[in-house]
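Hello,

Please find the structure we discussed below. My notes on it follow.

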Amino acid sequence: MSGRFAPTPTSDLHIGNLRTALVAWLAARSTRREFLIRIEDLDAPRMKDSDSIARQQLEDLATLGIDHDGPIVYQKDRTGIYEDALVRLGDLVYECFCSRKDITEAAQAPHGVVPKYPGTCRDLSESQKASLRKLRPPSLRINACSAPECIADQLLGSYADTVDDFVVRRADGVFAYNFAVVVDDGLQDVDQVVRGADLLDSSPRQAWLASQLGFRVPEYLHVPLVIGLDNTRLAKREKAVSLAQLHQQGISTTDLLSMLAASLGLASAGEKVTVAMLIDRFDPAKLPREPWQFTQLLAPGKHDVDQEDHRGTLRDS
């Protein structure tokens with residue numbers, strides 16, 4: 001049994017990522033699980049400097065005191081594994097020729113809401129598919145038949161949704177996040193998934209797919225986000241605060257760990273702690289359920305601009 005932390009190497013880890021990593025590590029260590037690190041670089045050719053960014057991410061985790069078990073897994077090296085898993089799904093997988101615009105228009109979703117796929121290409125004939133292949137390469141979707149799925153979150157309680165026909169491989173041949181993460185967790189014996197609360201809505205999809213592939217559904221813990229002075233989440237493009245940037249402001253690693261522990265209810269304000277000290281204090285049921293407002297942000301223009309917000313890579317429509 002194991003827990004894990006799985007960053008995408010698009011930029012340095014910001015304080016929200018580090019806080020989630022700390023919770024993931026504590027959740028695993030306090031239950032005597034192994035703790036794994038996986039680099040989610042599915043789209044590595046399009047990720048500028050992904051290898052060097054991943055190295056920096058690993059260094060930052062180590063600096064904070066977060067260690068790991070076993071070798072680090074890189075998704076870019078696992079294409080063959082994903083191909084084999086795709087074959088196991090058999091007739092559940094079908095070709096889809098819809099663009100994002102097609103889906104949005106067909107679903108008539110409210111502005112700003114990512115719509116569920118309406119099943120446009122699910123029952124195309126062979127002749128229709130042959131004609132459409134001449135116009136554009138297809139993505140691959142899985143026929144979920146709007147299956148109801150409910151997951152239990154250790155902090156946020158039950159979360160239920162119907163599972164739409166989500167993408168498992170994009171039209172450019174890159175495997176989708178929602179597919180690869182389930183395959184990796186299943187094969188790595190990950191039975192504890194700790195991550196940011198912004199990913200809660202992807203959990204029913206992933207739990208359902210895990211069952212289809214014969215994997216056990218992990219237990220979930222979604223950590224409330226870190227927000228800025230304007231009460232919005234810390235987006236990497238806008239106001240990310242990395243470990244290096246915090247050091248530049250005079251905030252030491254010890255200070256940062258104290259702040260993170262206090263924000264999680266694991267230490268009193270200003271108390272000096274180590275990650276090892278926090279293991280016996282950790283209780284997921286007692287973690288705060290509201291976002292944490294981080295007030296020591298860099299001044300505008302003092303941070304690096306990210307190539308891509310991680311959230312944008314997760315929604316393979």
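Which residue follows helix 1, and what is the sign of its phi? The residue is Arg32, and its phi is positive, near 60°. Bear in mind throughout that this is a predicted model.

Helix 1 itself covers residues 15-30. At 1.5 Å a residue, its 16 residues should span 22 Å, and the end C-alpha atoms are 22 Å apart, so the expected and modelled values agree. Of those 16 residues, 15 are buried, which means that the helix is largely enclosed by the rest of the structure.

The largest nonpolar core has 45 residues, and Ile15, Leu22 and Leu256 have the most contacts inside it. At least two residues of this core come from each of helix 1, strand 2 (34-39), helix 2 (50-64), strand 10 (219-223), helix 9 (243-248), helix 10 (253-263) and helix 11 (275-279). Helix 1 gives the most, with 10 residues. Setting aside neighbours within four places in sequence, Leu22 is in contact with Ile66, Leu257, Leu260, Leu264, Val275 and Leu278.

Another core, of 27 residues, lies apart from that one; Val93, Ala144, Val183 and Leu213 are among its members. Val93 also belongs to strand 4 (residues 93-96), which is covered on both faces. Val93 and Glu95 are buried on one side, and Tyr94 and Cys96 are buried on the other. In a regular strand, side chains alternate between the two faces of the sheet. Strand 4 runs antiparallel to strand 5 (residues 139-142), and four bridges join the two. Opposite Val93, in strand 5, stands Ile142.

Regards

Conventions:
Residues are numbered from 1 along each chain as its sequence is written. This is a predicted model: local features need pLDDT of at least 70, side-chain atom pairs count only at pLDDT 80 or more; totals for chains, interfaces and linings use all residues. Side-chain values use heavy atoms; hydrogens and water are left out. The expected span of a helix is 1.5 Å times one less than its number of residues. Buried means under 20% relative accessible area, exposed over 50%, partly exposed in between (1.4 Å probe, protein chains only). A nonpolar core is a set of buried Ala, Val, Leu, Ile, Met, Phe, Trp, Tyr and Cys residues joined through side-chain atoms within 4.5 Å. Contact means heavy atoms within 4.5 Å. Two strands pair if DSSP finds at least two bridges between them.
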